[in-house]
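Student: Hi, I have a structure open and would like to go through it with you. Could we start with one residue and work outwards from there?
Tutor: Yes, let us do that, one topic at a time.

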Amino acid sequence: MKKTTFKLLTLTLLLAGFSACKDKAKNSTSTSEESGEVVVNVKKENFLTASLVEPITIVSKEMSDGTTADCYKIVASGTPSEHEMGPWCPDNISDDASKGGVWAVDGELYDIDGEFIKNLGNLLGDDTWMLYDKETGEITKTKTKDECNDAANPNVGEEYKNYCVECLPSYVTGMSHTYYIPVTPKKAEKAYKFLKGHPGGGPNDGERPERPKDGERPAGPPPGENSTAPSNRGIAFNGVVFNAPAPVDAILSAYTIAPFDDAGGHINLHEGYHYHAATGVSKKIAQDDNHAPMIGYAMDGYPIYANTDADGNEATDLDESRGHYDEIRGYHYHVDKAGSNNFIDGLRGVYAL
Ligand SMILES: [Zn+2]
Ligand SMILES: [Zn+2]
């Protein structure tokens, strides 16, 4: 009897030891042999399972540097499980800010209330802007899936001039997005730059990507530079993508606005719900040492942190990708200001092809 108990205990200990090792391999902090720098593995438990379509698995993927590596396969619904989506466009110029989202003008993020819509012409210095009915105060906005699709078409022309464009969650139900993020981030020889514009989307993706002029080839990587990174910057813990900058100039030049909600996201029919600003609404992981909270992972597996630390200060030593290094977090990024229509400026690590 005693012997059996002992055997069982040994087995249990062995099993515990084994799973501890396994966990260590996937979750731990290690030190890079080449650089001596601390490298922190992606922690799949950080992702909110309620926002995922299936459990996260590990698959082997070809990487941007020609190697293969274990990557987490993350299949996300694109619907945040920890916060509401919307609202985007208020209904009437008498509405307060709770009825609208936010919009970035010249690097500044504005709360959208009725007053904002009313004063848009003044703010933008162009009195062609008239997004509401002067008699009733009703704000002109897209009201159906077709209208959201049409208002986003770059060739739609005058018909949707002076529209507040919003696409609702009900237009994009049943979507899923698959992302591959390396379990162990690895520095690339040189940082990857992002292409300018919104290359992920087609003409009807809800926004107007910047297009090269006739006869011009799309901008490739400058000679001698590393090749360019994918358009997605990374993903939040709720599986919502940190997208390329919204083509704000093109949107404004058509006398439309396509507001983000208070979480910094909006919807297009092609990509579903996606973020253009980190406003601190999605899940964040606080740090013990006053450092900015963690808000997600970049496509290269390096973690992404908020813009400012607990005292409201920005990091002053960021590299060309908006990243830097410390002994606790290893290499990591800090997102740009919420009104900048930008997250990070490049990928410092290799990413899955
Ligand atoms: Zn967008
Ligand atoms: Zn930092």
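Student: Is Lys 187 buried, exposed or partly exposed?
Tutor: In this model, which is a predicted one, Lys 187 counts as partly exposed, because its relative accessibility is 33%, and partly exposed covers whatever falls between under 20% and over 50%.

Student: Ok, and which side chain does Lys 187 meet in a salt bridge?
Tutor: The side chain of Lys 187 meets that of Glu 37, with 3.2 Å from N to O. This pair links distant parts of the chain, since Glu 37 sits in the loop between strand E1 (29-31) and strand E2 (38-40) while Lys 187 belongs to strand E9 (residues 187-193), and the two are 150 residues apart.

Student: How accessible is Glu 37?
Tutor: Glu 37 has a relative accessibility of 24%, so Glu 37 counts as partly exposed.

Student: Why do such side chains pair at all?
Tutor: As a general point, side chains of opposite charge can pair when their charged atoms come close.

Student: How many salt bridges are there by this rule?
Tutor: The count comes to 13 salt bridges. One of them is formed by the side chains of Asp 289 and Arg 329, at 2.7 Å from N to O. Here too the pair links distant parts of the chain, with Asp 289 in the loop between strand E14 (272-275) and strand E15 (294-298), Arg 329 in the loop between strand E17 (323-326) and strand E18 (330-334), and 40 residues from one to the other.

Student: What about burial, for Asp 289 and then for Arg 329?
Tutor: Asp 289 is partly exposed, with a relative accessible area of 36%, whereas Arg 329 has a relative accessible area of 7% and is therefore buried.

Student: Which other side chain meets Arg 329 in a salt bridge?
Tutor: The side chain of Asp 326 meets Arg 329, at 2.8 Å from N to O, and in this case both Asp 326 and Arg 329 are buried. There is also a network in which salt bridges that share partners join Glu 314, Arg 322, Asp 336 and Lys 337.

Student: You mentioned E17 and E18. How do they run, parallel or antiparallel?
Tutor: E17 and E18 run antiparallel and are joined by four bridges. They form a hairpin with three residues between them, and if you look at Gly 323, you will find Tyr 333 of E18 standing opposite.

Student: Switching to the metal: which residues coordinate the zinc ion (ligand 2)?
Tutor: The zinc ion (ligand 2) is coordinated through the NE2 atoms of His 291, His 324, His 332 and His 334, at 2.0 to 2.1 Å. Along the chain, the donors follow the spacing H-x32-H-x7-H-x1-H.

Student: Why is that site called irregular?
Tutor: The angles among the four donor atoms run from 92 to 162°, and because four donors count as tetrahedral only if all angles lie between 85 and 135 degrees, the upper end of that range rules tetrahedral out.

Student: Are His 332 and His 334 buried or exposed?
Tutor: His 332 is buried, with a relative accessible area of 0%, and His 334 also counts as buried, at 4% relative accessibility.

Student: Now a glycine: where does Gly 137 lie?
Tutor: Gly 137 lies in the loop between helix H3 (120-124) and helix H4 (145-151), and at 4% relative accessibility Gly 137 counts as buried. Apart from its neighbours within four places in sequence, Gly 137 is in contact with Asp 91, Asn 92, Ile 93 and Tyr 132.

Student: Last topic, sheets. What is the order of the open sheet of three strands?
Tutor: The order is E3-E4-E8, with antiparallel pairing. Strand E3 (57-62) and strand E8 (177-182) are the edge strands, each pairing on one side only, and neighbouring strands of this sheet are turned by 45° against each other on average, direction ignored. Six bridges join E3 to strand E4 (residues 68-76), and Val 59 stands opposite Cys 71 in E4.

Student: And the protein as a whole, how many helices and strands?
Tutor: The protein has five helices and 19 strands, and buried residues make up 45% of its 353 residues.

How values were computed:
Residues numbered from 1 in each chain as written. Chains lettered and ligands numbered in written order. Predicted model: local features only at pLDDT ≥ 70, side-chain atom pairs only at ≥ 80, totals over all residues. Heavy atoms only, no water. Donors = N, O, S within 2.8 Å, 3.2 Å for Na, K, Ca; no water. Tetrahedral: all angles 85-135°; square planar, octahedral: opposite > 155°, others 65-115°. Buried < 20%, exposed > 50% of the residue type's maximum accessible area, 1.4 Å probe, protein only. Contact = heavy atoms within 4.5 Å. Salt bridge = Lys/Arg side-chain N within 4 Å of Asp/Glu carboxyl O. Pairing = 2+ DSSP bridges. Axes fitted to C-alpha atoms, helices over the stretch in contact; angles between N-to-C directions.
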